[in-house]
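Biologist: Before any term is applied to this protein, I should like each one justified. Please set the values against the criteria and then conclude.

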Amino acid sequence: CFDSLQGLCSYLRSVLATSAVLTAIGVGSSAASPLAAAVTWALRDGAGLLTSLAFTSLNAPSFRLHIREYRLFADVINDVGLFVDMMLPHFPPCFLLPAAALSTACKACCGVAAGATRSDITMHFALDGNVSDLIAKEGSQETAVTLIGILLGSYLASLLPDSELVKLAVFSLLTAVHVLANYRAVLLLRLPAVNFAVLASLSSSRSPCPGPDDIQPSLLTGFSHLLHPRVRLGVSISSLTFPSPPDLSRGFVVGRTRSGAAGVAFGSNFDSLLEIEKRELLLAACFAALAVPPVPLPDLLAAGWAFSSTSLPLAEYRYTNNAKTD
């Protein structure tokens with residue numbers, strides 16, 4: 001319901017935004033140059049491609065940890081891009097290309113974030129392993145919503161007076177509904193993925209360990225951990241500072257990075273451990289870095305959380321027992 005509503009709002013707004021973009025590049029104006037419009041469009045697309053590469057490079061390790069946050073971010077940043085499109089006719093000619101590039105960059109970030117989280121969300125709803133069936137039905141639903149959105153958008157455009165203020169008011173109303181529908185839809189997700197916000201919430205909860213259906217960190221907490229990482233795993237031990245000499249024999253040490261975040265360095269034998277041993281050591285290190293009471297791995301898995309040695313981003317630095325520490 002919420003997914004269909006937000007999709008419908010997107011297509012209704014896209015009609016208004018596309019009209020504004022075409023007006024901005026000179027469609028309908030005898031003074032406009034087709035070549036200039038084509039160059040603007042090409043450079044606009046190039047900005048989107050470059051943004052996709054940069055955004056993927058910077059955020060790839062975080063996508064699987066913050067699925068709900070990136071899913072909401074994708075739609076909000078797309079709204080920003082559409083808003084810039086709506087404002088294009090009001091920009092001076094010298095700012096038209098940078099503004100158009102900014103709009104496309106926002107939409108490129110949306111495409112990367114939405115695509116990166118789609119598979120995990122699909123797997124979440126495929127309770128019986130019917131992934132193919134689910135994808136087919138989702139595609140059909142999206143097609144139907146698109147057709148309805150195109151028809152309603154065309155009808156809406158014909159009804160609206162030739163007033164920029166009225167168009168902007170309608171666009172703003174649809175945007176508010178779109179954001180609200182996305183927010184409510186994301187809140188309904190009960191994903192088993194483990195991140196540091198989840199571990200902190202589990203540590204503060206009462207036993208037995210709650211499952212994904214019982215507890216989910218707030219989106220505000222999730223965004224806080226995403227924007228300001230509090231723990232970095234697998235860092236070089238030489239990059240950490242310690243209040244006292246660390247014990248190198250337990251397989252990991254926790255110190256402070258130069259940015260002030262907690263850093264965890266692992267011993268050289270970590271990669272040779274069995275998977276269950278890696279998970280136990282990694283989980284213990286995470287709780288130690290967060291400075292919260294630990295939750296035993298068997299309890300975590302029994303509650304339905306998905307946790308493995310590859311669940312969290314782990315750099316490849318390892319220390320030996322004779323490593324130098326600060």
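Modeller: A residue counts as buried under 20% relative accessible area, as exposed over 50%, and as partly exposed in between. The model under discussion is a predicted one.

Biologist: What makes strand 3 largely enclosed by the rest of the structure?

Modeller: Six of the six residues of strand 3 are buried, so the strand is largely enclosed by the rest of the structure. Across the protein, buried residues make up 42% of the 326 residues.

Biologist: Why is isoleucine 67 called buried, and which residues does it touch?

Modeller: Isoleucine 67 has 4% relative accessibility and the cut-off for buried is under 20%, so the residue counts as buried. It lies in helix 3, which covers residues 67-87. Leaving out residues up to four places away in sequence, isoleucine 67 touches Thr117, Asp120, Ile121, Leu191 and Ala193. Its C-alpha atom is separated by 13 Å from that of alanine 185, 118 residues apart along the chain.

Biologist: Why is valine 177 called partly exposed?

Modeller: The relative accessibility of valine 177 is 30%; partly exposed covers the range between the 20% and 50% cut-offs, and therefore valine 177 counts as partly exposed. This residue is found in helix 6, residues 164-187. With Leu5 and Leu173, Val177 forms a nonpolar patch on the surface, and together they have about 240 Å² of accessible area.

Biologist: How do you know that strand 3 pairs with strand 1, and in which sense do they run?

Modeller: Pairing requires at least two bridges between the strands. Three bridges join strand 1 to strand 3, so the criterion is met. The two strands run parallel, and leucine 233 has valine 264 of strand 3 as its bridge partner.

Biologist: What makes strand 2 and strand 4 partners of strand 3 as well?

Modeller: The same criterion of at least two bridges applies. Strand 2, residues 252-256, pairs with strand 3 in the antiparallel sense over five bridges; there phenylalanine 252 has phenylalanine 266 as its bridge partner. Strand 4, residues 318-319, pairs with strand 3 in the parallel sense over two bridges, with arginine 318 of strand 4 standing opposite phenylalanine 266. The hairpin of strand 2 and strand 3 has five residues between the strands, and glycine 260 takes a positive phi near 95° in it.

Biologist: Why may a group of residues be called a nonpolar core, and which elements supply the largest one here?

Modeller: The term applies because the members are buried residues of the listed nonpolar kinds, joined through side-chain atoms within 4.5 Å. The largest nonpolar core has 29 residues, and Leu233 and Phe266 have the most contacts inside it. At least two residues each come from helix 7 (196-204), strand 1 (231-233), strand 3 (262-267), helix 9 (275-290) and helix 10 (297-302). Helix 9 gives the most, with eight residues. In soluble globular proteins, nonpolar side chains tend to be buried together.

Biologist: Which residues are in contact with leucine 233?

Modeller: Leaving aside neighbours within four places in sequence, leucine 233 is in contact with Phe196, Val264, Phe266, Leu282, Cys286, Leu312, Pro313, Leu314 and Ala315. Across the protein, 74% of the contacts between residues at least 6 apart in sequence join residues at least 24 apart.

How values were computed: Residues numbered from 1 in each chain as written. Predicted model: local features only at pLDDT ≥ 70, side-chain atom pairs only at ≥ 80, totals over all residues. Heavy atoms only, no water. Buried < 20%, exposed > 50% of the residue type's maximum accessible area, 1.4 Å probe, protein only. Helix = DSSP H or I, 4+ residues; strand = E, 2+ residues; numbered from the N terminus. Contact = heavy atoms within 4.5 Å. Patch = residues over 30% accessible without salt bridge, like charges linked within 9 Å, V, L, I, M, F, W, Y side chains within 5 Å. Areas by Shrake-Rupley, 256 points an atom, 1.4 Å probe, with all protein chains shown as cover. Salt bridge = Lys/Arg side-chain N within 4 Å of Asp/Glu carboxyl O.
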